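Trainee: Could you take me through one part of this model closely, the place where the two chains meet? I'd also like some background on the chains themselves.

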Amino acid sequence: MIYMQGSFVDKIRSRNFVITAEITPPKGSNPFNAIEDAALIRNLVDAINITDNNRGVMRMSPISLGKVLQQQGYEPIIQMTCRDRNRLALQSDLLGAAALGLKNFCIMTGDHVSCGDHLGAKSVYDLDSVQLISMIRKMESGFDFSGNKLEDPPEFILGAVSNINPLKKGQMLKLRKKATFGLDFIQTQAVYDTEMFKNFCKLIGDLETPIIAGIIPLKSARMARFMNANIPGIHIDGEIIDRLDMSKDPIQEGLDISCEIIKDISDICQGIHLMPVGQHLNTQKLLKQAGF
Amino acid sequence: MIISEDKPIAEILESIENHSSIFIVGCNTCAAKLHVGGEQEILSMKSVLENSGKKVVGWALPTAACSIRSWDHLAEKDRSINKADALLVMACGSGASVISKLGTIDVFPSNNTVSLGGSYKGEVLPDQCKMCGNCTLFYFGGICPYSQCPKKLLNGPCGGCSDDGACETDNDKECVWELIYKKLDEKNSLYLLERIFEPKVNK
């Protein structure tokens, strides 16, 4: 199966399976490494999802890198967090992005400044993710946050993110609030517990919103233990960690595990989102192995 | 209660390095309760300043440093204030600001003000209110997420809460949204969480 550029919007709207992949912008002004990383997955994914100062670490604007990658023939999804901008700056960036032809956005609260490399910076959170989604839908209807009329209202494809643990009832309730404003997709935290993911899909099935499952290939048992201990929303079973521990080729074992997860859940979700740690060196191999 | 805490003594000494005759003003309300501006702390500060070569001409402990009628009213407590070339205020920023209005004498704060909090069963509770000007405390079971969540989230938790309920910013702090959920569950009022809150109108 070949995934062509520009296919994300069409596929998400027509409820076909999508493959997206994450790229982190450079900490510098040269987009070359990001372009090189994207080239590793050209024609393999429907869209490239670009992070917004993720973990609170300052990097190139995802809107700028999104435009660069779009010019290279990729379809970008711009992540937008609530951490760094007030309601004026968010709207201004959204209008600017629309003018550049960047219309796919994935909305999230954003990791706190204290997680990152600019301790002491102001954490803005003027809006939360529910309010940001609401504001964007209002902009589409032709009005800014304050109710002033917009010339040529923008149109966006909007996604939200979620953890998959149904026991996190507050988070599940918040996802429902986001959905009241209309979501084009829901992108999840990395899935390792497929039963939990299936329960999550059942729990929110009534929203009838495409769910894109997060996939992070593990590289070692150490990485798995680190993620369990430090990354919220990650649940890696002891059995998976044992497999990585005992394997002579843990990187291949990690790809095998990801492949099994993808095969187990691909019938109940509408896409996968690949977030390898580091570059997309093994993404092609993983997708081929998973039958794409 | 306004929560304030001691500045490092080195910072205080640096701020008053060009002044030699110091008058200390405490506060017998919040700062005294928090042991950062009561009589004992004033006497301790006096001793530290004197050991550092400063002359402490006197001190006063008004009922509230943030509520002073006039210079004369403050001076009634200790006339030696008129010999001072600087005031050191052991109170919150509001107290130091009000004291600064009394005249042209240089006023230095000795405390850092950190939050609007309270005290319950002897425990100091920081960040009970962010003074947003639009109180919605009831809807959150009496636990304000705007003041206690580091992201000020009004519509539910972020994804950064750990499995055991710790806040993304501090492993030792329980996510305030976990506390809100538990409290509303206890009150049989979880329905309140379904309400969608608009962004605050910032002052």
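Mentor: Happy to! In this predicted model, chain A brings 25 residues to the contact and chain B brings 22 residues. On the side of chain A that touches chain B, the elements giving two or more residues are α5 (129–140) and α6 (169–179) of chain A. Of these, α6(A) supplies the largest share, six residues. By character, that side of chain A divides into seven nonpolar, eleven polar and seven charged residues.

How far can you trust chain A? Its mean pLDDT is 96, and 98% of its residues reach 70 or more. Do keep an eye on residues 1–5 of chain A, where the pLDDT is below 50; this stretch still has eleven contacts in the model beyond near neighbours in sequence. Where pLDDT is low, the predicted coordinates should not be read in detail.

Now for the partner, chain B. Seven helices and nine strands make up its list of elements. The radius of gyration of chain B is 21 Å, well over the 17 Å that the globule rule gives for 203 residues, so chain B is more spread out than a compact globule. Along its principal axes, the C-alpha trace of chain B spans about 60 × 35 × 30 Å. Chain B is also divided into domain 1 (2–114) and domain 2 (130–194), and the C-alpha centres of these two domains of chain B lie 37 Å apart.

Turning to the packing inside chain B, 35% of its 203 residues count as buried. Among its contacts between residues at least 6 apart in sequence, 57% join residues at least 24 apart.

Terms used: Residues numbered from 1 in each chain as written. Chains lettered and ligands numbered in written order. Predicted model: local features only at pLDDT ≥ 70, side-chain atom pairs only at ≥ 80, totals over all residues. Contact = placed C-beta atoms within 7 Å. Helix = DSSP H or I, 4+ residues; strand = E, 2+ residues; numbered from the N terminus. Nonpolar A, V, L, I, M, F, W, Y, C, P; charged D, E, K, R; others polar. pLDDT = per-residue confidence, 0-100. Domains from an automatic or database assignment. Rg over C-alpha atoms; globule rule 2.2 N^0.38 Å. Buried ≥ 20, exposed ≤ 12 C-beta atoms within 10 Å, placed from the backbone.
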